[in-house]
Amino acid sequence: MKRLLCLLILLPMVVTAAGAQGFDDIAEGFVPALARLAGPAGTPPRLAVWSGPEKRLPVAPSVVQRLETGLQASLLGLKAPPEIMIRSELTVLIDDLAATGALDSPLGDPIGDLLSNARSIDALIIGTYRLDDRMLIAHYRLVSLSGQVLAVSGELRHVLSPADLQAEPGAVNLNVALDELAASITDVLADGRRLRMGTVRQAGSGGMSRFGDYVRKALTSRLLAGNNDLIGAAPLKVISQPGAGVVADIPVVSGEYWVRGTAVSLAMTVAAGEAITGTFLRHIRTDSLGGLRLSPDPGFDRLTVTDDLGPPTISISLPDEMPVLQVGEPLAFDVRLRRAGYLWCFYVQADGVVRQIIPNPGLLDRRGDSWIEDGAARRLPVPQRDGFRLVASPPGGPELLKCLVTDRDVRRELPQEMQGLTLDPLPQGLSSRIVEIFRSLPNLRIAEDSLFVTVVDPSGEGATSGR
């Protein structure tokens, strides 16, 4: 295929939020990786920019095109610029791959397949986008032909104009939506007097946000308020986390939401076991949210952005499938590998403190490394075996467990603070670069997964920790 240099004549104005990375920052951050991709005698690497499978964002397509045009302009402005394939050539490759169904398959590595077919390029820049109120947030990854992530950008935050957004018809005020949802849930429960309150998560990222936490608490309050009107009937009990005496068929209320420009689409589901007894959808005006943050906490973003890259080699889950803990309860998780490897796990508290829990001093003293066989799920931690435990402590809030599996032991190649020699918090400069550090190591196969956990403090004092 003929290689062409992308010529940019006009650059549309793009307004980014203060404090976020700009195009030039992202391009400069890619320089070390681009230098490694250069050919003999400094031949510039050949790149293509791809937005990934269609995300159906409620924004005009020209918005994403403007962002990608701005990034390309900064890349071409580098001291040693790469060559960039024009969009029309890449579109042909993507269309050919999509026709085979590869992009729709949950298995395999569609990015690697795309790259293996794109013989005229050396690497791909993948853009992923999501909405947070009136902000379009972009991340970019530089991926090699082998599928290795060579560099990951920070956030590029683009302020959207009203013309960029598509409104959702029928959107209502947040309090109106919560009142209606509480009434619908009560009707579905009928004579049932107990329910478990699960989480309310952002679709796609699967993360807990301040908005999701507020909806969960506000619905709980409204459901319990109905007890005030009862005469001679047993009061409704809302259980945050299953414990002693709680049977499995108690209904669970959980939710998922999509940010749709000027509105948030919130779907709440009531399920008992495998049976769904009710699903309720409300569209909520974003101007009624009172500043509640719709996306997961910023500290989580850089750790989860590469979770969907490559085949699903690792999965982590909670034993009872309820990612909600009361303060004082122990946290354990199950890790399952489809391919054996070395496990690395980090726990992010809601106050921003990050601890490396696998490997750890006790594990290294007993075994010398963190090798995990494939197949059956392994429970972690088991205090008697692993020498530590995780306990939810006050105040409450969203937290994150981040795990990676590698095909070789890279402990000696990591910064000393990440070699498992201590359970002390990681320095702030390292904790925000965990994925970047692993992905920068040569000749390494990596798979990732993340698990969001919500810590509930009955005293209502507020945000987190796992120790």
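In the predicted model, Arg46 and Asp122 form a salt bridge in which the closest N and O atoms are 2.8 Å apart. Arg46 belongs to strand β1 (residues 46-50), whereas Asp122 sits in the loop between α5 (110-117) and β3 (123-132), so the salt bridge ties together parts of the chain that are 76 residues apart in sequence. The two partners fall on either side of the 20% limit that separates buried from partly exposed residues: Arg46 is partly exposed, its relative accessible area being 21%, while Asp122, at 17% relative accessibility, counts as buried.

This pair belongs to a total of 11 salt bridges in the structure. Another is formed by Glu155 and Arg157, for which the closest N and O atoms are again separated by 2.8 Å. Here Glu155 counts as buried at 16% relative accessibility, and Arg157 is likewise buried, with a relative accessible area of 15%. A further salt bridge joins the side chains of Glu448 and Arg439 at 2.6 Å, taken from N to O, and both of these residues are buried. Glu448 and Arg439 are also part of a wider arrangement, since Lys402 is linked with them in a network of salt bridges.

With regard to the chain as a whole, 12 helices and 22 strands are assigned. Of the 467 residues in the chain, 51% are buried. Among contacts with a separation of 6 or more, 74% are between residues 24 or more positions apart. The area that the chain exposes is about 21000 Å², and carbon and sulfur atoms supply 53% of this area.

The largest nonpolar core comprises 57 residues, and those with the most contacts inside it are Phe30, Leu75, Ile125, Tyr140, Leu142, Phe211 and Leu219. Helix α6 (residues 174-189) contributes the largest share of this core, namely 7 residues. Apart from this core lies another one, of 26 residues, which includes Leu318, Leu331, Phe388 and Leu401. Within the largest core, the surroundings of Leu142 can be described individually: when residues up to four places away in sequence are not counted, Leu142 touches Phe30, Ala33, Leu34, Leu37, Leu47, Ala123, Leu124, Ile125, Gln148, Val149, Leu150 and Ala151. Two of the residues in this list, Phe30 and Ile125, are themselves named among those with the most contacts inside the core.

Phe211 and Leu219, which also appear among the residues with the most contacts in the largest core, are buried residues of helix α7. This helix (residues 210-225) has 16 residues and reaches 22 Å from its first C-alpha to its last, close to the 22 Å expected at 1.5 Å a residue. The buried residues of α7 are Phe211, Gly212, Asp213, Val215, Arg216, Ala218, Leu219, Thr220 and Leu223. In general, an α-helix has 3.6 residues a turn, so residues three or four places apart point the same way.

A search for aromatic pairs over the whole structure finds 5 of them. In one, the rings of Phe211 and Tyr257 have centres 4.9 Å apart and planes at 80°, so the pair is classed as edge-to-face, for which an angle over 60 degrees is required. Because Phe211 lies in helix α7 and Tyr257 in strand β9 (residues 252-260), the pair ties together parts that are 46 residues apart in sequence. Both Phe211 and Tyr257 are buried. A second edge-to-face pair is formed by Phe346 and Phe438, with 6.3 Å from centre to centre and 75° between the planes. This pair links distant parts of the chain, with Phe346 in strand β16 (residues 341-348) and Phe438 in helix α12 (residues 434-439), 92 residues apart. Phe346 and Phe438 are both buried, and together with Trp344 they form one aromatic cluster.

An exposed position is provided by Glu274, which is found in the loop between β10 (263-272) and β11 (275-285). At 85% relative accessibility, Glu274 counts as exposed, the limit for this class being over 50%. Although Glu274 and Asp249 are 25 residues apart in sequence, their C-alpha atoms are 8.9 Å apart in space.

Conventions:
Residues are numbered from 1 along each chain as its sequence is written. This is a predicted model: local features need pLDDT of at least 70, side-chain atom pairs count only at pLDDT 80 or more; totals for chains, interfaces and linings use all residues. Side-chain values use heavy atoms; hydrogens and water are left out. A nonpolar core is a set of buried Ala, Val, Leu, Ile, Met, Phe, Trp, Tyr and Cys residues joined through side-chain atoms within 4.5 Å. Buried means under 20% relative accessible area, exposed over 50%, partly exposed in between (1.4 Å probe, protein chains only). Helices (H or I, at least four residues) and strands (E, at least two) are DSSP runs, numbered from the N terminus. Contact means heavy atoms within 4.5 Å. A salt bridge is a side-chain nitrogen of Lys or Arg within 4 Å of a carboxyl oxygen of Asp or Glu. Accessible areas come from the Shrake-Rupley method with a 1.4 Å probe; for residues, only the protein chains shown count as cover. The expected span of a helix is 1.5 Å times one less than its number of residues. Rings of Phe, Tyr and Trp (its six-membered ring) pair if their centres lie within 6.5 Å; planes under 30 degrees apart count as stacked, over 60 as edge-to-face and the rest as tilted.
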